Amino acid sequence: MSKLSEPWLYLLPTLIFIFLLVLVPLVTGISYAFYDFDLISGTKEFVGLDQFVRILSEDDIFTMSLVNTLFWTSTSLFFQFTLGLGLALILNSGFTGIKLIQPVLFVPWAVPSFLIGLMWVWMFNPVTGPLPYLFEWLGLMDSPENILSDPDHAMWGPIVANVWFGIPFFTIMLLAALRSIPNTIYEAANIDGVSGFAAFRYITLPLILPTIVITLLIRAIWIANFAEIIIVMTNGGPANSTQIVATYIYDTAYQKMDFGYASVISIALLSMLMVYGFILGRIRQKMTTYV
């Protein structure tokens, strides 16, 4: 065995695994986009690019779901990161009782997404939950109502649930980055009169910036594909006001049984996420070079 072929022998099991469990299903799923399936009769008809033309020119629901996806992803990401960073800074300060509080803060990350959606449905229901009465007390509502039934505000329900679920992710990642910064840097800065917000701005933030960038970008892809909470809480309604691309794929495939068109929507989402992933790689590469 030559030295050139030996590394490929060690990589062979991994390559076979990737081929069978990643590439084969991917290619099969893409091929479905060129067929119109009739699951009742068990037949399929080749339609070529007709379904791609449909998604680009005729499908208003896809356009709405795309806009909803951008709002869902950006809003959830902003609050998850902001609150997660705040908690990480508090935990890193080492206050008394941190060992008791820290495990509680990470509980949402351990709860199944189905239960999270169900719990927040109860919270937003005026019959079973306190939130509608809280909104009325704050003057946000004239009377206690379920915002999940209001097309103008329904998206905020899943967003709140998703933020509650995602805060521990940023807390864990950013807390690890904060604790990797040597205390000697802060001690030297304190001697030079740099402390408080100035130390955070000029020392802490630049040192944890690579972690911030990669967690923001990875989490954005994660949220864009995260359909479970929306399916449980609103199922894309009312009037498609909470329909994102991921839930639209589920609805098209398993409610309308249109697997061919669901594959077209999946390809559209995959293409957008691949572009986003390319941008992620480029930014990460520049950050590594900078550091």
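**Exercise 1. Decide whether Glu45 is buried, partly exposed or exposed, and find its surroundings.**

Solution. Start with the value: Glu45 has a relative accessible area of 52%. Next, recall that exposed means over 50%. Glu45 is therefore exposed. Now place this residue in the fold of the model, which is a predicted one: Glu45 belongs to strand S2, residues 43–46. Finally, look around on the surface, where Glu45 gathers with Asp36, Asp38 and Asp50 in a patch of negative charge.

**Exercise 2. Describe the chain as a whole: how many helices and strands does it have?**

Solution. Begin with the secondary structure, which comes to 13 helices and two strands. Then turn to the dimensions: the C-alpha trace spans about 75 × 75 × 35 Å along its principal axes. Last, consider burial. The chain has 291 residues, and 36% of them count as buried.

**Exercise 3. Find the largest nonpolar core and work out which helix gives the largest share of it.**

Solution. A helpful background idea is that in soluble globular proteins, nonpolar side chains tend to be buried together. In this model, the largest nonpolar core holds 41 residues. Trp72, Trp120, Phe124, Leu174, Ile208 and Met233 are the members that touch the most others. Now go through the helices: H3 (60–92), H6 (113–124), H7 (131–137), H8 (156–179), H10 (197–224) and H11 (228–233) each supply at least two residues of this core. Helix H8 gives the largest share, with 11 residues.

**Exercise 4. Locate the salt bridge and compare the burial of Asp258 with that of Arg54.**

Solution. First, search the whole structure: one salt bridge turns up. Its partners are the side chains of Asp258 and Arg54, at 3.6 Å from N to O. Second, see where they sit. Asp258 is in the loop between helix H12 (245–255) and helix H13 (259–290), while Arg54 is in helix H2 (residues 50–57). The pair links distant parts of the chain, 204 residues apart. Third, check the accessibility of each partner. Asp258 has a relative accessible area of 17%, so this residue is buried. Arg54, at 32%, is partly exposed.

**Exercise 5. Place Leu270 in its helix and state how far its C-alpha atom is from that of Asn225.**

Solution. Leu270 is part of helix H13. With a relative accessibility of 32%, Leu270 counts as partly exposed. For the distance, compare the C-alpha atoms: those of Leu270 and Asn225 are 9.8 Å apart, with their positions 45 residues apart along the chain.

Definitions and conventions: Residues numbered from 1 in each chain as written. Predicted model: local features only at pLDDT ≥ 70, side-chain atom pairs only at ≥ 80, totals over all residues. Heavy atoms only, no water. Patch = residues over 30% accessible without salt bridge, like charges linked within 9 Å, V, L, I, M, F, W, Y side chains within 5 Å. Areas by Shrake-Rupley, 256 points an atom, 1.4 Å probe, with all protein chains shown as cover. Salt bridge = Lys/Arg side-chain N within 4 Å of Asp/Glu carboxyl O. Lys, Arg positive; Asp, Glu negative; His and termini not counted. Charge placed at Lys NZ, Arg CZ, Asp CG, Glu CD. Helix = DSSP H or I, 4+ residues; strand = E, 2+ residues; numbered from the N terminus. Buried < 20%, exposed > 50% of the residue type's maximum accessible area, 1.4 Å probe, protein only. Core = buried A, V, L, I, M, F, W, Y, C linked by side-chain atoms within 4.5 Å.
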